[in-house]
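Let's take a walk through this protein one helix pair at a time, and then peek into the empty spaces. Keep the structure open beside you as you read.

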Amino acid sequence: MTDSPVQSAPMQAAKPRSNTSDGTRGISFGQLWRREWQVKQQGAVQWLYPLVLFLVIITLFPLAVGSEPALLQRLGVSAVWIAALLSLVMGVDGLFKPALDNGTLAQLVVARASLPLWVLIRLVIHWIFSSGIVAVLSLLAVPLFQLSWFEAWILLASIVTGSPMLLMLSAVASSLTLSLKNGAVLVPLIALPMQLPVLIFATGAVDLFATGLNGLPILALLLAGSIISVLVMPWVIAMTLKMAWLN
């Protein structure tokens, strides 16, 4: 995702209208959402790369392991989740770097906009164009890995409930490496160790349902972790971004 000067124009044109308690002017939720949505649409090439990577992995995996139905069914859930995780990590290196380089972050700080709100909006829109689409594409596991439709829907549900937490962890890693010259290389090294428990729990939930057991507690745990991450991580990321801008 790239914020070019043309893409940052909506931020300049949409001047703040609401007044905060100390007399400074703030930027509304609607203005931030419209601006980030336009930026995401204009950077279509950037968010298409992770989706292509996901499709390549899940398409080539059956060709590599063979066509034995039992083996494909046993490895299908793990293969789809690994592909989803790799595509998500690949797409976060440009979440905040362009905003720092072209002055968008400075505009937000000077305008007294809510940085946590901006971070949340940016991540929600990124999730829609990445993990949201990947969740739908995971249904391709039915013809590729010969999963049942029941298993495929549970797999989709596990991606929907677990991917917000994965995205927040990746965003934290991206913000921590923002001021480093080759920070994008370090993002997977920082994020993946924290994301492995989510991967293990999510694939375990699908396996429980596949064997006739109840995996709802694990899905509920993933959903709770994602909700907590969405509520807490934007504040952490916002403080990290402000420190990177000040430095």
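Start with α4 (69-90) and α9 (149-176). In this predicted model, α4 and α9 pack with their axes 11 Å apart, at an angle of about 30 degrees. Angles under 35 degrees count as roughly parallel, so α4 is roughly parallel to α9. As for the handedness, α4 passes α9 in a right-handed crossing.

Who does the touching here? On the α4 side you'll find Val77, Val80, Trp81, Leu85, Leu88 and Val89. They meet a row of α9 residues: Leu155, Ser158, Ile159, Gly162, Ser163, Leu166, Leu167 and Ser170. Sort the residues of this contact between α4 and α9 by class and you get 10 nonpolar, four polar and no charged.

Now stay with α9 and look at its pairing with α11 (residues 216-246). The axes of α9 and α11 are 8 Å apart, and the angle between the two helices is about 20 degrees. That makes α9 roughly parallel to α11 as well. The crossing of α9 and α11 is left-handed, while that of α4 and α9 is right-handed.

The list of residues in this contact is a long read, so take it one helix at a time. From α9 come Ser158, Thr161, Gly162, Pro164, Met165, Met168, Leu169, Ala171, Val172, Ser175 and Leu176. From α11 come Leu219, Leu222, Leu223, Gly225, Ser226, Ser229, Val230, Met233, Pro234, Ile237, Thr240 and Leu241. By class, the contact of α9 with α11 divides into 15 nonpolar, eight polar and no charged residues. Did you spot Ser158 and Gly162 of α9? They take part in the contact with α11, and they also appear in the contact with α4.

Next, how does α11 sit against helix α7 (residues 115-137)? Their axes come within 8 Å and cross at roughly 115 degrees. That makes α7 roughly perpendicular to α11. In this case α7 passes α11 in a right-handed crossing. The α7 residues involved are Leu115, Pro116, Trp118, Val119, Leu120 and Leu123, and they meet Val230, Pro234, Trp235, Ile237, Ala238, Leu241 and Lys242 in α11. This contact of α7 with α11 has 12 nonpolar, no polar and one charged residues.

Time for the empty spaces. How many cavities of 30 Å³ or more does a search of the whole structure find? The answer is one. The largest cavity has a volume of about 70 Å³. Its lining is made up of Pro50, Trp81, Ala84, Leu85, Ser87, Leu88, Ser130, Ser131, Val134, Ile159, Ser163 and Leu166. Some of these names should ring a bell: Trp81, Leu85 and Leu88 of α4, for instance, also meet α9. Three helices, α4, α7 and α9, each supply at least two residues of the cavity lining, and α4 gives the most, with five. Eight of the lining residues of the largest cavity are nonpolar, four are polar and none is charged.

Finally, turn to the largest pocket, which holds about 180 Å³ of space. Its lining consists of Leu108, Val109, Arg112, Ala113, Ser114, Leu115, Pro116, Trp235, Ala238, Met239 and Lys242. The elements that give two or more residues to this lining are α6 (104-110), α7 and α11. Which helix gives the most? That's α11, with four residues. By class, the lining of the largest pocket has eight nonpolar, one polar and two charged residues. Look back at the place where α7 meets α11 and you'll see Leu115, Pro116, Trp235, Ala238 and Lys242 there too.

Methods: Residues numbered from 1 in each chain as written. Predicted model: local features only at pLDDT ≥ 70, side-chain atom pairs only at ≥ 80, totals over all residues. Heavy atoms only, no water. Axes fitted to C-alpha atoms, helices over the stretch in contact; angles between N-to-C directions. Parallel < 35°, antiparallel > 145°, perpendicular 65-115°, else oblique. Left-handed = near helix turned anticlockwise from the far one by under 90°. Contact = heavy atoms within 4.5 Å. Nonpolar A, V, L, I, M, F, W, Y, C, P; charged D, E, K, R; others polar. 1 Å grid on protein atoms, 1.4 Å probe; cavity = no way out; pocket = protein on both sides within 12 Å on 5 of 7 lines; lining within 4 Å. Points joined across faces, edges and corners; volume = space filled by probe spheres on them.
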